[in-house]
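Biologist: Got a minute to walk me through this one? I'd like the overall picture, then some details.

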Amino acid sequence: MVEEGGVDGGSGEAEAESAEEWLLQAQKLVPVALEKATEVKVFPGRWKMIVSKLEQLPSRLSDLFSHPCFSKNVLCKEQLQAVSNSLKEAIELAELCVREKFEGKLWIQSDLDSLSGKLDLNLHDCAVLIKTGMLGEATLPLLLSGCSLQQESTDYSNIRELLARLLIGHMEAKHRALDSLVEILKEDDDNVLSVFGRNNVAALVQLLTATSPRIREKTITIICMLVESGSCENWLVSEGVLPPLIRLVESGSAVAKEKAVISLQRLSMPADTARAIVGHGGVRPLIELCKTGDSVSQAAAACALKNISAVPEVRQTLAEEGITRVMISLVDRGILLGSKEYAAECLQNLTASNEALRRSVIAEGGLRCILAHLDGPLPQEYAVGALRNLVSSVSMEVLLSLGFLPRIVHVLKLGSLGAQQAAASAICRVCSSPDMKKLIGEAKCIPLLIKLLEAKTNSVREVAAQAISSLMTLSQNCREVKRDEKSVPNLVQLLDPSPQNTAKKYAVACLGLLSSSRKCKKLMISYGAIGYLKKLAEMDIPGAKKLVEKLERGKLRSLFSRK
């Protein structure tokens, strides 16, 4: 029997003949094959299908011949060789069937089905070569400058040819092309990625569902490189990469799972793609990987779920799949610190606006777990953000019993700026009662909040000022602010009337409470508060007019007393 009819790189014989000679041979074989096929009386259904495919070949061959790169492209020559081999096989099988000299019906039926498949592949590959513009792409090198022009041009041409082989030919040929691409990507990923087209991306997506685990592993390796480079993400999603990626996370080999979940981690960043992952059933496999995966896969799965949880309308679906308990467990026992932080951010997202989800996190022990996580040397923003979201849903007694106050002080001292902002925001949410305000003041939070007024970020200054203004309604806290030498200058700086300064109303409130102190009033005047306050009074900022009048009266009394 003749060899398989796919494009496989060509034999020694193929290299010895030109594309024109292979075309001539194929054109001669088509009528012979048709004539023989129509003479066959056995297996009429199978032969009718084969004849219909043979009849389509002349137009495909004509399309190839009319392409301007016909004689230059090695893929074209290989395709013509594959067509000729299929035609020779058709003639041989037709002669056997005409004479009815075959070993058994099942055997010959299998051969006929195989021939039909090869003809399908021939027709498909001829069409792809023409329709996709592959003949020109895999023939013409890029115009490159520099001393290595010839070598680089050859490299680009070889890369294009390998990419083209992903679209045509039998599976073994595609496997060899994948092997070569993976090796080239390891050495020079920029060159390969720069010539990837949408057709190549579509071919890779199709190969993710190949029956061979090795082909799936090589394919997902390349796709993962594409995703991590930031290339072709939209093409990948639009070509349907999400369902096979999710299936690989579910049931792929260890290598395939890791590469697939890393790809989903990056692809899940846009909200539309995150929704699509949920729609394709991707949540449960990601959750399972958080529970059973190795360190890399666990972190990538947690990050993907964190990205998905940023989309408000899918949060309930995530909760129904059991994400709450898994994320709490990761915060507590994640293999990598990254896994813990991703899980904390996921919990922050889940609890941002849904009281039912907040209560679910608390019921699962999430508050205790998050507070324990904050004992680390550099508390980060997202765990404190999750804490901020939860504090309003529990009683003061529960918060105090779990060690809320020492953790908040620790964050205000050593946390990242984002964590300190979230801590100040948490204070704003819990200090509704005089008792809690008293305890927060006694915990020495006020000097730390006053220092936070010096932050470069406006939103941090605003929430610190808000927390201080709330705490100062208790007289002993007000005295604590008065005693801090940085309080007045820092607060006066926040009277800047510019629209970007959103802390000014809280600064006015704080300074108003301090204005009963003669020393504080003198400091306010010396730091230029009156000029700021006059502008704020014109803007109708609450308390500004009353405070400026108070300061001006004090200033006049001071002048008269000197005289």
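**Surface, fold and packing**

Modeller: Sure. The accessible surface of the chain comes to about 25,800 Å², and carbon and sulfur atoms hold 52% of that. Keep in mind that this is a predicted model.

Biologist: What's the secondary structure of the chain?

Modeller: There are 35 helices and zero strands.

Biologist: Is the chain a compact globule or more spread out?

Modeller: More spread out. The radius of gyration is 36 Å, while the globule rule gives 24 Å for 563 residues, so the chain is more extended than a compact globule. The C-alpha trace spans about 130 × 55 × 35 Å along its principal axes.

Biologist: How many of the residues count as buried?

Modeller: Of the 563 residues, 51%. As for contacts with a separation of 6 or more, 72% are between residues 24 or more positions apart.

Biologist: Which residues have the most contacts inside the largest nonpolar core?

Modeller: W47, F196, M327, F404, I427, L514 and L533. That core has 182 residues. Helix α5, residues 74–99, gives the most to this core, with ten residues.

Biologist: Take F404. What is it in contact with, leaving aside neighbours within four places in sequence?

Modeller: L371, L387, V391, L399, A426, V430 and M436. M436 is also one of the buried residues of helix α27.

Biologist: Let's do α27, then. Which others are buried there?

Modeller: K437, I440 and G441, along with M436. The helix covers residues 434–442. Seen down the axis, the buried residues fall within an arc of 135°, so they line one face of α27.

Biologist: And what's exposed on the other side of α27?

Modeller: P434 and D435.

Biologist: Which helices do the buried residues of α27 pack against?

Modeller: α24 (396–401), α25 (404–414), α26 (417–430), α28 (445–452), α29 (458–471) and α30 (475–483). Just after α27, K444 takes a positive phi of about 70°.

Biologist: How about helix α4? Which residues are buried?

Modeller: L57, L61 and L64, in a helix that runs over residues 57–66. Those buried residues fall within an arc of 60° seen down the axis, so they line one face of α4.

Biologist: Why would that spacing put them on one face?

Modeller: An α-helix has 3.6 residues a turn, so residues three or four places apart point the same way.

Biologist: Switching to cysteines. How many disulfides does the structure hold?

Modeller: Zero.

Biologist: Why is C126 without a bond?

Modeller: Because the closest cysteine sulfur, in C76, is 7.9 Å from the sulfur of C126, too far for a bond. The cut-off for a disulfide is 2.5 Å. C126 is buried, at a relative accessible area of 1%.

Biologist: And C346? Where's the nearest cysteine sulfur?

Modeller: In C290, 8.3 Å away, and C346 is in no disulfide. C346 has 0% relative accessibility, so it counts as buried.

Biologist: Last one: S297. Buried or exposed?

Modeller: Buried, with a relative accessible area of 4%. S297 is found in helix α17, residues 295–309.

Biologist: What does S297 touch, not counting residues up to four places away in sequence?

Modeller: E258, V261 and L289.

Key:
Residues numbered from 1 in each chain as written. Predicted model: local features only at pLDDT ≥ 70, side-chain atom pairs only at ≥ 80, totals over all residues. Heavy atoms only, no water. Helix = DSSP H or I, 4+ residues; strand = E, 2+ residues; numbered from the N terminus. Buried < 20%, exposed > 50% of the residue type's maximum accessible area, 1.4 Å probe, protein only. Contact = heavy atoms within 4.5 Å. Arc of directions from axis to C-beta. Core = buried A, V, L, I, M, F, W, Y, C linked by side-chain atoms within 4.5 Å. Rg over C-alpha atoms; globule rule 2.2 N^0.38 Å. Areas by Shrake-Rupley, 256 points an atom, 1.4 Å probe, with all protein chains shown as cover.
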